[in-house]
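Work through these three exercises with the structure open. Each task comes with a stepwise solution.

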Amino acid sequence: MTEQPIIRFENVTKQYDDDPPILDNVSFEMEKGKFYTLLGPSGCGKTTILRLISGLIEATSGKIYFKDKLINHVPANKRQVNTVFQDYALFPHLNVYENVAFGLRIRKMKNDEIDKKVREALRFVNLVGFENREIKEMSGGQRQRVAIARAIVNEPEVLLLDEPLSALDLKLRTEMQYELRELQQRLGITFVFVTHDQEEALAMSDEIFVINEGKIQQKGTPRDIYDEPINRFVANFIGESNIIKGKMIRDFLVEFDGKQFECVDQGFSPNEPVEVVIRPEDLEITTPDRGKLNVKVDTVLFRGVHYELCSYDENGNEWIIHSTKKAEIGAEIGLYFEPEAIHVMRFGETEEEFDARLESYDSYGDKDAD
Ligand SMILES: Nc1ncnc2c1ncn2[C@@H]1O[C@H](COP(=O)(O)OP(=O)(O)OP(=O)(O)O)[C@@H](O)[C@H]1O
Ligand SMILES: [Mg+2]
């Protein structure tokens with residue numbers, strides 16, 4: 001038995017005037033206590049989804065539920081949701097304590113109760129001792145924590161975070177990723193986190209919704225989305241990919257680059273045109289006589305943990321390789337990859353069709369069980 005979702009969107013569309021919709025028939029469910037990330041390029045509709053959840057805007061059509069209660073017309077201040085904005089929107093003339101206390105004072109809570117809650121919220125974000133500091137005396141990361149304390153002091157059931165880390169430098173950002181994730185687990189509330197940074201999404205989330213042009217392209221765990229992208233957009237957006245056009249000859253046999261390769265995919269029509277993804281780290285460098293594909297090295301970059309090689313096959317297709325082995329520019333090398341490294345995508349497949357296809361694999365029985 002699964003618990004009822006805390007937030008549910010049912011065919012939600014948001015449209016301004018006669019412009020094309022900004023969100024187009026979006027449906028999803030979010031469970032209590034999980035960390036969700038909305039990931040997608042600028043303008044895809046991430047903030048719009050947060051604003052619909054928080055009640056700052058209303059849907060043009062469709063239904064939004066909070067624990068089975070329809071909330072389309074419930075005003076923002078009546079929803080158990082708080083938002084941490086990208087610029088934190090702190091009050092510069094108030095100190096840390098008063099910034100966090102602000103919402104409680106508005107609610108006319110008693111002073112001793114306010115004090116208890118503010119101190120607890122500050123303890124949660126590791127800011128004990130900073131109560132009397134002015135906001136302008138705080139670093140970017142500390143301001144970010146004040147903003148979070150101010151949001152969690154209201155004990156929301158859902159915390160919305162709109163690119164809260166984008167103003168921080170890389171090191172602080174990584175630290176805050178750990179802190180946020182840990183905070184979410186301690187609080188046990190639902191986080192909806194927005195980013196356009198795929199590594200951040202992979203590192204932090206229980207579930208990622210990949211969004212493009214107002215549509216959810218794919219929902220899933222970081223692993224699912226990385227290993228089984230359902231289309232070219234997702235494959236490209238999540239991690240680096242080699243994507244090449246091909247043809248599914250029959251179950252477990254795919255053709256690309258003029259050759260046929262054993263693979264683990266099934267359920268396509270015979271000779272169906274497909275797109276094939278191979279991750280750069282799944283390509284092994286070998287000698288040309290042992291390669292499944294042979295390529296010529298064009299550029300080599302050292303990336304710290306691995307080399308990134310850009311190479312081309314005889315048909316002019318580009319192959320990016322991540323390897324701890326180095327190769328010389330201009331060298332002919334062989335590329336070896338396992339059948340499992342080949343991931344076949346159906347053209348224009350929707351998420352529902354993809355899920356149905358994956359499920360049908362189970363009914364193939366145990367023929368490839370080991
Ligand atoms: N009030 C409005 N009127 C008309 N168009 C709007 C309005 N608000 C947002 N939009 C448009 O809706 C689209 C989605 O905006 P949204 O803010 O959700 O994007 P986003 O994914 O958060 O992008 P970013 O990563 O840049 O913050 C954009 O094309 C934006 O211009
Ligand atoms: Mg935005």
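**Exercise 1.** Find the residue that follows helix α1 and give the sign of its phi. Then decide how enclosed α1 is.

*Solution.* This is a predicted model.
- Step 1. Gly-55 comes after α1. Its phi is positive, near 90°.
- Step 2. Helix α1 covers residues 46-54. Its buried residues are Lys-46, Thr-47, Thr-48, Ile-49, Leu-50, Leu-52 and Ile-53.
- Step 3. That is seven of the nine residues, so α1 is largely enclosed by the rest of the structure.

**Exercise 2.** Describe how helix α2 packs on helix α3: angle, handedness and contacts.

*Solution.* Two packed helices are described by the angle between their axes and the distance between the axes.
- Step 1. Take α2 (residues 96-106) and α3 (residues 111-124). Their axes come within 10 Å and cross at roughly 130°.
- Step 2. Angles over 145 degrees would count as roughly antiparallel, and 65 to 115 as roughly perpendicular. The α2 axis is therefore oblique to that of α3.
- Step 3. The crossing of α2 past α3 is right-handed.
- Step 4. From α2, the contact uses Tyr-97, Val-100, Ala-101, Leu-104 and Arg-105. From α3 come Ile-114, Lys-117, Val-118, Ala-121 and Leu-122.
- Step 5. Sort this contact by class: eight nonpolar residues, two charged and no polar.

**Exercise 3.** List the residues around ligand 1 and sort them by class.

*Solution.*
- Step 1. The shell holds Tyr-16, Ile-22, Gly-40, Ser-42, Gly-43, Cys-44, Gly-45, Lys-46, Thr-47, Thr-48 and His-196.
- Step 2. Seven of these shell residues are polar, three nonpolar and one charged.
- Step 3. Compare with α1: Lys-46, Thr-47 and Thr-48 are among its buried residues.

Note on methods:
Residues are numbered from 1 along each chain as its sequence is written. Chains are lettered from A and ligands numbered from 1 in the order in which they are written. This is a predicted model: local features need pLDDT of at least 70, side-chain atom pairs count only at pLDDT 80 or more; totals for chains, interfaces and linings use all residues. A residue is buried if 20 or more other C-beta atoms lie within 10 Å of its own, exposed if 12 or fewer, and partly exposed in between; C-beta atoms are placed from the backbone. Helices (H or I, at least four residues) and strands (E, at least two) are DSSP runs, numbered from the N terminus. Axes are lines fitted to C-alpha atoms, for helices over the stretch in contact, and angles run from 0 to 180 degrees between N-to-C directions. Angles under 35 degrees count as roughly parallel, over 145 as roughly antiparallel, 65 to 115 as roughly perpendicular and the rest as oblique. A crossing is left-handed if the near helix is turned anticlockwise from the far one by less than a right angle, and right-handed if clockwise. Two residues are in contact if their C-beta atoms, placed from the backbone, lie within 7 Å. Ala, Val, Leu, Ile, Met, Phe, Trp, Tyr, Cys and Pro count as nonpolar, Asp, Glu, Lys and Arg as charged, and the others, Gly among them, as polar. A residue is near a molecule or strand if its C-beta atom, placed from the backbone, lies within 6 Å of it.
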